Amino acid sequence: PTDEKATYAVEKRGGTETVTMEMIKNDDVGAIQRIPISLSRAAKRTLAKFVLDFLRVNPLIYDSKTLFHADHKNLGTSALSAASFAAARLAMMKQTESGSNQQLGIGPRFLWVPAELEEVAYDLFRRDVNQDETFVQTLKPTILPVWYWTDPNDWAVTADPNDILTVALSFLDGAEEPEIFIQD
C-alpha cells in the first residue's frame, strides 16, 4: 500500500486532588488511600472516552474528511437492527486497501453500543425459539456497551485490531500509565 501521513498534537489531561491538614490530623487513611484509586479510574475513563469519541463524534481525520464518510464507504445512519448490522458488515467486507483498491474482506469483530442497547444487541445474535440460526445470528461479534453513549443511533462496528487498526494511539515518551505529582 501507499504511505498515508497522519499528524497529531501532544495533549495532556488531568486534574487535582486536595489532601487537607484535617485529613492528615484525623488520620483519615482510607480517604487518602482512595485518592490514587479514584485518579486511576478517572484516567481510564478519560482515555476510553477520548478513543471512543472517534466513533461517536465522527471527527475530521488526516484526509480532511470525517472518519465515517460516504467517500470512505463506511457511513450508516440506521438504528441497530439485524438488517443494519448486516449492511455494516457487508460494507466492511467490501472496504478496499488504500493504494491497491483490493477488497480487504475483513468483517466486524466488535459491536459498540450505548448501554441501553446492550440487550437489543445481544438479542440480535441469539437463536429464535425454533433454534434455526439466521445469517446475522451466526456472526456473534463481541458486544461492548459504552456507558456514556445515549443516542440509540450511536452504534459502530470495528474490526479486530490484529487485522486492521481503527484508531491509533500514541503516548508521549511511551508513558502509558498516569503519573501523580505532589505539590506542597
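I take the radius of gyration over C-alpha atoms, and the globule rule is 2.2 Å times the number of residues to the power 0.38. For this chain I looked up 21 Å, whereas a compact globule of 184 residues would have a value near 16 Å. The C-alpha atoms fill a box of roughly 65 × 50 × 25 Å along the principal axes.

I note that this is a predicted model, where local features need pLDDT of at least 70, side-chain atom pairs count only at pLDDT 80 or more, and totals for chains, interfaces and linings use all residues. Residues are numbered from 1 along each chain as its sequence is written, and side-chain values use heavy atoms, with hydrogens and water left out.

Next, the secondary structure. I found 5 helices and 3 strands (DSSP runs numbered from the N terminus: helices are H or I with at least four residues, strands are E with at least two). From the N terminus on, the order is α-α-α-β-α-α-β-β.

Then I looked at the second largest pocket (on a 1 Å grid over the protein atoms alone, an open set of points where a 1.4 Å probe fits, with protein on both sides within 12 Å along at least five of seven lines; lining residues have an atom within 4 Å of a point). Its volume, the space filled by probe spheres set on the points, is about 300 Å³. I see 15 lining residues, with Val-51, Trp-112, Thr-158, Pro-161 and Thr-166 nearest the centre. Helix H2 (29–56) and strand E1 (110–114) are the elements that each give two or more residues to this lining. The largest share, 4 residues, comes from H2. By class I have 13 nonpolar, 2 polar and no charged residues in the lining (Ala, Val, Leu, Ile, Met, Phe, Trp, Tyr, Cys and Pro count as nonpolar, Asp, Glu, Lys and Arg as charged, the others, Gly among them, as polar).

Last, I checked backbone angles. Asn-58, in the loop between H2 and helix H3 (82–93), is a residue other than glycine with a positive phi, near 60°. Asp-173, in the segment after strand E3 (156–158), also has a positive phi, near 55°.
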